[in-house]
Amino acid sequence: MEPLREVPQRVSENSPNLINNMDEYQDMYDTALANLDTFWLNETRQRITWKSPPTIGIEGSFLEVPEAPLKWFSDGKLNVTESCLDSNLENRGDKTAIIWEGDEPDDCREITYSELHDEVCKAANALKALNVGKGDRVIIYMGMVPEAAIAMLACARIGAVHSVVFGGFSAESLRDRVLDCHSKVIITQDEGLRGSRKIPLKQVCDEALEGEHPVEKVLVYRRTGGDVDWDDSRDVWWQEFVGEQSAVCPATICDAEDPLFILYTSGSTGKPKGLVHTCGGYITYTSYTHQTVFDLREDDVYACVADVGWITGHSYIVYGPLANGATSLMFESIPTYPDAGRYWDMVARHGITIFYTAPTAIRALAAQGDDFVKQHDRSSLRVLGTVGEPINPDAWNWYYDVVGEGRCNIVDTWWQTETGGICITPIASVTPTIGGSATLPMPGIVPLLNDSDGNELTGPSEGLLCIKHPWPGQARTVWGDHPRFVDTYFGMFPGLYFTGDGCRRDERGYYWITGRVDDVINVSGHRMGTAEFEAVLVSHDAVAEAGVVGFPHPIKGSGVYSYIVLQSGAEWNDNFSVELNLLCRKQIGAHAKIDLFQHVPGLPKTRSGKVMRRILRKVAEGEPDALGDISTLADPSVVEAIKEGAQAL
Ligand code: WT7
């Protein structure tokens, strides 16, 4: 591992950035903190198109969340698509809003703001014709085609609530989400396409809808033309139905606190939770952070290569960039198709200036060697971003030196599905960076480190990362389960938002995220709940008990390690791992894969029957001699067996 390296930011000339140097950062930070209401009201009034601008900032506090969700801008009325589309028509009508790069490098589309406006209006009218109204839920189960963004905005246009489900999720996962939010319509496509592999989205959708369900219509975008089953009474082709709609669709006026979307994420129980983001605060925060963090310029070609199925795609492919009138790229394929130079080939062909990806992709590409990068002209690049997990110094250095030719600013952005937008991050061309640190909080964000007893740590320290004051972009509740929202985020330390992450603060006040401290594993930047895996494993006839933990993985950040206790009479054989992974794939999705299986005689439990996960974690992390106090174990011999078995793996 190379030593840590400090890099001053390269200041670019003529930056319209709201923050141009560290003094201005400190000023803005102090101004925000002095009066959060005034700060955010000013921001939202300047950047967002309101039908009726708000006069109220925040209502409620973290202490009051158990009684009622927080509200921002509650007397304001708006439709977020007016900020993303209509407001750009006059000056940016012919500017490219979306550059789409399909699975094959020569399959590209460019959609201007005025075309996007029309397409969204047509799709919105189509949804209306399918009986979707304000407040109704629509599930979007698509790959990375522009129509996925159009579908999201079409829902927003009529005040319907979208819930995008990542195209890798299984029929069972899709079904769970359909039932949980009671969606009236699903928007999908015949097949997805990734690295020339076809993903049977419509077929999965059909399977998800076997049995009782609330879905009335399925709108199907034809992407590949592959064969699909068809139910005339339920299924509708996008091309035909949307194509014939009018391109005029007045925006439905919403309250600032009306839900904009639900996004499901894994937690520490088996059931995924649907985080609810609302209109006014979310669009304000994503617009503000996108412009500020990336030092956005009018002529930037901005590319975030995440999937719209995750929060990064919502906030930083669709809503933030469009609210800022940016040109935003959507990428359908994978970084290694047709070869590991795909990203950099794209940078050269589209003249990408800002590129945003995840550490796992950087590590995977770095492992393929520098030639794939150097073959392509990257002189257009100015800002490089990362998100999703801590970036190790080796990967940071490679991104900085090889990809960015030592010329670009790197922003390591820390945030979560729950936070809606970036919270701790360098500001491009301003904050001096140190590889591996997400550096400093955005204005309005006050991080705080607690020990596990709830004592606040001051100065350089390591503890549990909390945030002290509300900000407009944060999720308001869990769909249909406010008590769960309260428990998960405000139960640990009343009055503080608890992130679930561990974090260190250094001498200069920089933050270094150390990873999840709850039962969530961050695999390749995606959050997987250990309980979700465990529920799948024990559903196998031969499995009596299962314990799942993360372990350090060179590419994925964390890998998934499982301990399996078999039913008496069942015998372990190597086929089990294949079978159990098939089960994970079927019940969760294609991205849910267990890396290591260890057959154990029992799980380490306390006398009261609680599994001591700390022991499972330490053994999986390769530190079987650092188990700490194990005197409360019911049967210490189990630990010896686990240690021995781990060595043999
Ligand atoms: C978790 C949130 C936010 C979009 C992608 C993931 C980890 C995220 C960083 C970073 C270290 C990071 C945290 C966080 N994380 N960004 N820059 N450095 N860790 O969203 O699925 O909601 O996961 O990702 O552990 O809690 P998510």
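At 23% relative accessibility, Asp595 falls between the cut-offs of 20% and 50% and therefore counts as partly exposed. This residue is a good starting point for a tour of the charged pairs in the structure, which is a predicted model. The side chain of Asp595 meets that of Lys556 in a salt bridge, with 2.5 Å from N to O. Asp595 sits in the loop between helix H17 (575-587) and strand E34 (596-599), while Lys556 sits in the loop between strand E32 (543-553) and strand E33 (557-566), so the bridge ties together parts that are 39 residues apart in sequence. Unlike its partly exposed partner, Lys556 is buried, with a relative accessible area of 18%.

How many salt bridges does a search of the whole structure find? The count is 41. Another of them joins Arg349 and Glu101, whose closest N and O atoms are 2.7 Å apart. Here the partners come from distant parts of the chain: Arg349 belongs to helix H11 (residues 342-350) and Glu101 to strand E6 (residues 96-101), with the two positions 248 residues apart. Glu101 is buried, its relative accessible area being 0%, whereas Arg349 is partly exposed at 37%. The pair also takes part in a network of salt bridges that links Glu101, Arg342, Asp345 and Arg349.

A salt bridge can also be found within a single helix. Glu119 and Lys122 form one, the closest N and O atoms being 3.7 Å apart. Both residues lie in helix H4 (residues 113-129), and because they are 3 residues apart, about one helical turn separates them. Is each partner buried or partly exposed? Glu119 is partly exposed at 28% relative accessibility, and Lys122 is buried at 18%.

Attention now turns from charged pairs to the nonpolar interior. The largest nonpolar core holds 121 residues, and the members that touch the most others are Leu116, Ile187, Phe294 and Tyr319. Which helix gives the most to this core? That is helix H5 (residues 146-157), with 9 residues.

Phe294 offers a closer look at such packing. Leaving aside residues up to four places away in sequence, Phe294 touches Thr289, Tyr302, Tyr316, Ile354, Tyr356, Arg382, Val383, Val411, Ile422 and Ala428. A second core, separate from the largest one, has 46 residues, among them Val161, Val165, Val560 and Leu566.

Note on methods: Residues are numbered from 1 along each chain as its sequence is written. This is a predicted model: local features need pLDDT of at least 70, side-chain atom pairs count only at pLDDT 80 or more; totals for chains, interfaces and linings use all residues. Side-chain values use heavy atoms; hydrogens and water are left out. A nonpolar core is a set of buried Ala, Val, Leu, Ile, Met, Phe, Trp, Tyr and Cys residues joined through side-chain atoms within 4.5 Å. Buried means under 20% relative accessible area, exposed over 50%, partly exposed in between (1.4 Å probe, protein chains only). Helices (H or I, at least four residues) and strands (E, at least two) are DSSP runs, numbered from the N terminus. Contact means heavy atoms within 4.5 Å. A salt bridge is a side-chain nitrogen of Lys or Arg within 4 Å of a carboxyl oxygen of Asp or Glu.
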